[in-house]
Amino acid sequence: EPYGIQAGSAQAVAYHLPILGYCADGAFPAAGIADLSGYEQIQWSIKVAGYFISQDHPTSGKGIDHRILAYKSVQGPGQHLSCLGSILKEHKILSGGKELISLDLTNSLMLISEAEFGSIVSRYKSVLYLCHRNADPDAIGSAFALAGAFGGTVGAIDDLSRTGEALSDIIGAHILIDPSEEGWDLIVVVDTSVRLQLGRIQLARYGLIDHHQDEGLTREAEFYIQRPAKSTAEIVWKILKDNGRQPSREMALGLMAGIISDTGRFKRASAESFMAASELLEAGGFDYEEALQTLSVAPDISQRIAVLKAASRTKIERQGEWLIAASRINSFEGSAAAALIDLGADVAFVAGRHGDRVRISARSSRKAAKAGLNLNQILGDIGRSHGGDGGGHNSAASFDARGDPEALVQECRNRVAELLP
């Protein structure tokens, strides 16, 4: 309590560990953080806490091991925190120790591991796997595989993207568009980072499976799996494996399409992406060319016109060796921003007005992302400060908010200018 830590949920612990670290004034090297059995948010928070906990501690570097050693357990976050408490006690930062924190996780929101998903979702008879508006192959493939492996129905808000619709036809996914929130024992939100992507649906009892790093939907979820994989499909594939569920050919093909789509045909892939892809090819009995064909949908003429208009309206600012581009259209903002990056911009913002709200999509080059630019944080902060919400990835994000499109774009550009070296 003296350090602001509140019992009650795994998420509360995750939020307050950085405060503990700041108050304790020091750092354990982040390199020593272990796999905490799927509690990635707590793992991340211990890293943050570790950055503060002993940097200036008088015993630092004098024979005491400052690492939080590899620590694996199925006992949950309370057990992990007991480990942290013991270390703090050893460093004489706290007089307590294992009594540092007492947790009651009953009926509270939980960050769970992939292996725990099956036992949790099996408690519910009627489950809806819900995708965001304009659902893409990652969302469709992930939700379809979950419904096939554990039982349930797939739904989506508003509509499907053209590639999402093509994939659903190929794998035989029957998707409810704009389903009611009534009549389901549980809704599992899939590949969705913020509430604005779910339209007007009112979530009551829900879980979350997502690879974005926005916190909005985790705060009221009964359980969630959220970690920075390159696609939600990679997380879902691990869920299937860890629960001993064999995918059908169509399920494996849908997951493979999700990975291909979200990694930009493996241009942004990780080692996990390649491993999952290899396993899915073997499990599904198809080759990579067939998987690619599921995404072979030529852009329609309206999308091509929108992208060309965005290019013709682009304003470019140079900051040292960085090129920041901005434009405005009223549809396909994400596609237009990606096209501006392909044309040579380091950062691109494209704004569009939709009724009384403004949508801004942003993309950045790999070079800008490696330089530390985090569009997820920038657009999330700006969106929330203007009565909306937003987020995404470090190099691809968006927000919906209220305000003047030109002023909002300029605010985005100013934030980027402050952060790029």
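User: Before we start, what counts as a helix here, and where does that put Thr294?

Analyst: Helices are DSSP runs of H or I with at least four residues, and strands are E runs of at least two, numbered from the N terminus. On that footing, Thr294 sits in the loop between α10 (288-293) and α11 (301-312). A quick note: this is a predicted model, where local features need pLDDT of at least 70 and side-chain atom pairs count only at pLDDT 80 or more, while totals for chains, interfaces and linings use all residues. Residues are numbered from 1 along each chain as its sequence is written, and side-chain values use heavy atoms, with hydrogens and water left out.

User: Why is Thr294 called buried?

Analyst: Buried means under 20% relative accessible area, exposed over 50%, and partly exposed in between (1.4 Å probe, protein chains only). Thr294 has 2%, so it counts as buried.

User: What makes Arg133 and Asp158 a salt bridge?

Analyst: The rule asks for a side-chain nitrogen of Lys or Arg within 4 Å of a carboxyl oxygen of Asp or Glu. Their N to O distance is 3.0 Å, and they meet in a salt bridge. Arg133 is in the loop between β2 (127-131) and α5 (137-150) and Asp158 in the loop between β3 (153-156) and α6 (162-171), so the pair ties together parts 25 residues apart in sequence.

User: And how do you know whether Asp400 is buried or exposed?

Analyst: Its relative accessible area is 13%, so Asp400 is buried. Its salt-bridge partner is Arg359, at 3.3 Å, N to O. Arg359 has 25% relative accessibility, so that one counts as partly exposed.
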